[in-house]
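Colleague: Could you take a close look at one part of this model with me, going slowly, since I am still new to reading structures? I would like to hear how that part fits in with what surrounds it.

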Amino acid sequence: MWKVRVKLTAKSLRANWGMFAHSKLGPIGLFLIVFFLLFGLVHPLYLVYRGSDKIYDPVVGFAYDLLPEGNPHPPTLSHPLGTDILGRDILGQLMHSTAKAFMLGLIAAGFGVLISTLVGSIAAYFGGFIDSVFMRLADVVMLFPLIAFLVALSAAIEITLFKLAIILAILMGFGGTTIILKSQALTVKVKPFIEAARVSGGGHFRIILSHIIPNVLPLSFLYMMFGVTTAIFSEAILSYLGFLNVRMSLGIMIYTANDSGYLIGSRLGTYWYLWLPPGLIISLLCAGFYFVGRGLDEVVNPRLRER
Amino acid sequence: MALLEVSNLTMHYTTRVGDVMAVDSVDFTLERGRALGLVGESGCGKTSIAMTILKLLPENARILGGQIRFDGVDLVPLSEDQMRKYRWDHISMVFQAAMNSLNPVYTVGDQILEAIQHHMPMKERAVRKRIAELFNLVGLDPAVMDQYPHEYSGGMKQRAVIAMALSCDPSIIIADEPTTALDVIVQDRILKQIDKIREELNMGMIYISHDIAVIAEVSDRIGVMYAGKMVEFADTHTIFKSPVHPYTYALMSTFPSVKGDKRELVELSGEPPNLIEPPLGCRFHPRCPRVTAVCQEQEPVFTEVANEHFCACWNQRS
Amino acid sequence: MNNTTVEVVDLKKLFPMAGGLFSRKVRYIHAVEDLSFKIQEGETLGLVGESGCGKTTTGKLLVKLIPPTGGHIYFNGSDVATIEGGALLREYRRKVQMIFQDPYESMNPRKTVYDIIAEPLVVQKVGNIVERETMVAEMLSGVGIVPPDTFMFRYPHELSGGQRQRVAIARAMVINPSFLVADEPTSMLDVSVRTGVMKLMLQLRKEFNLAVLYITHDLAVARYMCDRLAVMYLGRMVELGETEEVLQNPLHPYTKALISAIPIPDPTFTREAIPIKGGVSKPVDPHPRCRFYDRCPVATDGCEKLEHPPLEDKGSGHYVACYEV
């Protein structure tokens, strides 16, 4: 029995892949994601290759090998993208931060969408009071003053990327996406096969888990892609504005450069290696997930397909 | 000369998965003042024929051959501009579920007004007078002209849509499943009304339906469609009392009736075929109780088997 | 002597209507009112009427998809009207199943045929995985989908309309119910496919000795499928009797008008439609008098003043709710 199910899953994956590959943006996005994923994963190997942790650690390293020249230092052979103002190897920082960006994005969006799917489906199924509660909660969350909250919080505790991921997950989970997924769940709930499931004897949770959620999941997955984009971009902006006290991230790299005055006027050109690499990666990474999302749109929404 | 003469009409759609042969070498005629019924199941091409006659085809559709002679003029080679003179003014259509496509934010009167003014410039007062005339013709109280679609019942909406189709005095109306969504009593009234209009205005009518009972009551002649082809064409009495095509015969036997003997219904195995890859030879052969070898290889030709009685079958019944 | 599987007594269902922005009074749609009938083991009762007459609501009440506002539903002797959940409801669901109108929308598009048919077994905890596979295969053969192994792992969109409806029937029957509610099971199928499905249902009815409530607006189909007919109008039953008797000798003015309006697929038959004015409306807070009064061609002053006429036996089990018969 399970052999057949595996075969069926493989068949449907192949069919969906065909549709995904057919869209123009999808495969481009996928390429970007895979490229940067490998880029981030390769960091430990890079450190091994370079040998010295004292020099190459992305947070506490220092370019002793470039002394007596000052920092930030333009690209050289031993530091292909140069060093930042604290003497840390930029290429290594990029790899490390990219890996962390993935972690942030996938945790925030993954848990966020998990929450929205569950909450949206439950709200749609039960309606009435439960629905009202979650919808009002979504309204509140969408109006939430994220920046003020983070400023206050950062005074009290250290906000690591992981904690940020959780906060974003909760905000995304109970916020706008819930409303979208709930309306998708509603379109499923009113279909006759749900009535048929009840007549067969199914209880509430069986129907929600076995019938409603599987029909909402494709849309959830789509919004997860957009969620990753939001998470990475939000972190970048928040770090740039100095509201987080994360130790190292793509946003922090730009923040560090800006805070020390290296992004003003003509310095923007001279010190391009301080802001262009992280900025480029943020944009491309976000674009990658967004394109995958758009590629998935056709797979998820049959009405968008060509005839 | 017949009012409408369709000969050897062929049309196909191109889709991502293949070409759909929606209408294949179809022949029939329609006389002035008479009613033709096109009957068949889903996918048989009856709606496609109507859209082809009016040349209201989507981008991926193409007429591959044949003629559509309206009053002697072949419509097939006409350009879109030329076609516009024929649509609505000479040949008009009540689309399937048209009553549900009435715009909810405009009054019914306004919608008909727009349709009329689009085709002939008339002052608003004159148009309203015309609409009142049309409403009387279809059995609606002219006063409801200024109401909104949601204030109309199903039957009233259908009458309004018919009024719209009549607005430019066409000589042919094509009605695609005009009463399918309506209750039986309303259906009866509307069918009677349509018949009255046809007689009064001496119009030609083409009824399209899957409901054989309705077609039996409203048509003078019937064309039976299957998988894009016309399999039999004759007057109503012949089709019901002495059908020669096995599909026609099966269709008649499969329809229960409230009157008459409660006879045993005949089961027809299989389902209507996929039009992208229809069966080789006769398209009905996989389901036909009279199938022989030739049916599986060659498509039967639509020929006259008796006076004004046409059929496409190698082994027709006698 | 057959047992009475289902007996409905004075069944009532009201739906509140939104009163409007400033109105405080709630209005009710009397979708079903004073409905009473019996269905014996092995018998098919047809519930017929036009849209809005309450037949679909009755079907849902009997399958307990919606709770009744009043009345009793006796199933094998016990009143199930007030059951809301738990073990009692699950028991009921083992014995009472439904076939839905839309063969496309009544199945989860992400589930295989096997999953769809096995669902009642899984939910009711019948059999283990191996046993279920056998039961599903047997059921598929039983509804004419052969060979079962080829079809078991297909998805609904890979099946034709007729095949889907057969799968729906298999799903309803796999748990061996004793009462089936069929809500217009053939109205969305192609004409040439309907007969096959209808014959299948007749065969299964005989094989399993089912009691069936067959809901349809098509009297010709009801004639073929049902032993007795109940005609509904605006939520109330106006006529009840053996099928041929009701169809060939209708007594209630509404039934007469309804039957006379049905098109006959025989060009030699001349049909005389009985004209009645007006159209069907919704039974919103209806007047307690006969609901057909406004449109009835034989209504009298008496009909205006009296309450809705009760169903009365006019001879050999032919019941009519009318003062003028």
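Modeller: Happy to help: what follows is a close look at chain C and its surroundings, in a model that is predicted.

Let's begin with chain C as a whole. Chain C contains 11 helices and 12 strands. Its C-alpha trace spans about 70 × 55 × 50 Å along the principal axes. How does its radius of gyration fit a compact globule? For 325 residues, such a globule would have a radius of gyration near 20 Å, and chain C has 21 Å, which agrees. Of those 325 residues, 49% count as buried. If you take the contacts in chain C with a separation of 6 or more, 64% of them are between residues 24 or more positions apart.

Now a closer look at a sheet. Chain C has an open sheet of four strands, in the order β2-β1-β4-β5, and the pairing is antiparallel. Which strands stand at the edges? They are β2 (27-40) and β5 (78-79) of chain C; each has a single partner strand, so one side of each is left without a neighbour in the sheet. As background, strands of a sheet pair through backbone hydrogen bonds, either parallel or antiparallel. At the β5 edge, strand β4 (residues 70-75) of chain C is joined to β5(C) by two bridges, and these two strands run antiparallel. Here you can find C:Tyr74 standing opposite C:Asp79 in β5(C).

Next, pick out a single residue, C:Val143. You will find C:Val143 in the loop between α4 (129-142) and α5 (148-152) of chain C. Is this loop residue buried or exposed? C:Val143 is buried, because 25 other C-beta atoms lie within 10 Å, and 20 or more is what buried requires. Which residues does C:Val143 contact, once its neighbours within four places in sequence are left aside? They are C:Arg166, C:Ile169, C:Ala170 and C:Leu200. You can also look at C:Gln163, which is 20 residues from C:Val143 along the chain, with 9.1 Å between their C-alpha atoms.

From there, let's move to where chain C meets chain A. This contact takes 21 residues from chain C and 18 residues from chain A. On the chain A side, α1 (2-22), α10 (192-200) and α11 (204-240) each supply at least two residues. The largest share of that side, eight residues, comes from α10(A). By class, the side of chain A that touches chain C has nine nonpolar, five polar and four charged residues.

That makes α10(A) a good helix to study in detail. Eight of its nine residues are buried, so α10(A) is largely enclosed by the rest of the structure. Those buried in α10(A) are A:Phe193, A:Ile194, A:Glu195, A:Ala196, A:Ala197, A:Arg198, A:Val199 and A:Ser200. What do they pack against? Within chain A, the buried residues of α10(A) pack against α9 (176-189) and α11. In chain C, they pack against α2 (86-95), β6 (96-99) and α3 (113-123). Just after the helix, look for A:Gly201: this residue follows α10(A) and has a positive phi, near 115°.

Chain C also meets chain B. That contact takes 32 residues from chain C and 34 residues from chain B. On the side of chain C that touches chain B, α7 (191-208), α8 (219-225) and α10 (253-260) of chain C each supply at least two residues. The largest share of this side, six residues, comes from α7(C). How does this side divide by class? It has 20 nonpolar, seven polar and five charged residues.

Finally, a word on chain B itself. Its mean pLDDT is 90, and 100% of its residues reach 70 or more. Among the elements of chain B, strand β3 (residues 35-39) has the highest mean pLDDT, 95, and helix α2 (residues 80-86) the lowest, 88. The domain assignment of chain B gives domain 1 (4-90 + 170-266) and domain 2 (103-169). The centres of these two domains of chain B, taken over C-alpha atoms, are separated by 25 Å. Their contact takes 13 residues from domain 1 of chain B and 12 residues from domain 2 of chain B. Helix α6 (residues 184-201) of chain B gives the most to the domain 1 side, with six residues.

Notes: Residues numbered from 1 in each chain as written. Chains lettered and ligands numbered in written order. Predicted model: local features only at pLDDT ≥ 70, side-chain atom pairs only at ≥ 80, totals over all residues. Contact = placed C-beta atoms within 7 Å. Nonpolar A, V, L, I, M, F, W, Y, C, P; charged D, E, K, R; others polar. pLDDT = per-residue confidence, 0-100. Domains from an automatic or database assignment. Rg over C-alpha atoms; globule rule 2.2 N^0.38 Å. Buried ≥ 20, exposed ≤ 12 C-beta atoms within 10 Å, placed from the backbone. Pairing = 2+ DSSP bridges.
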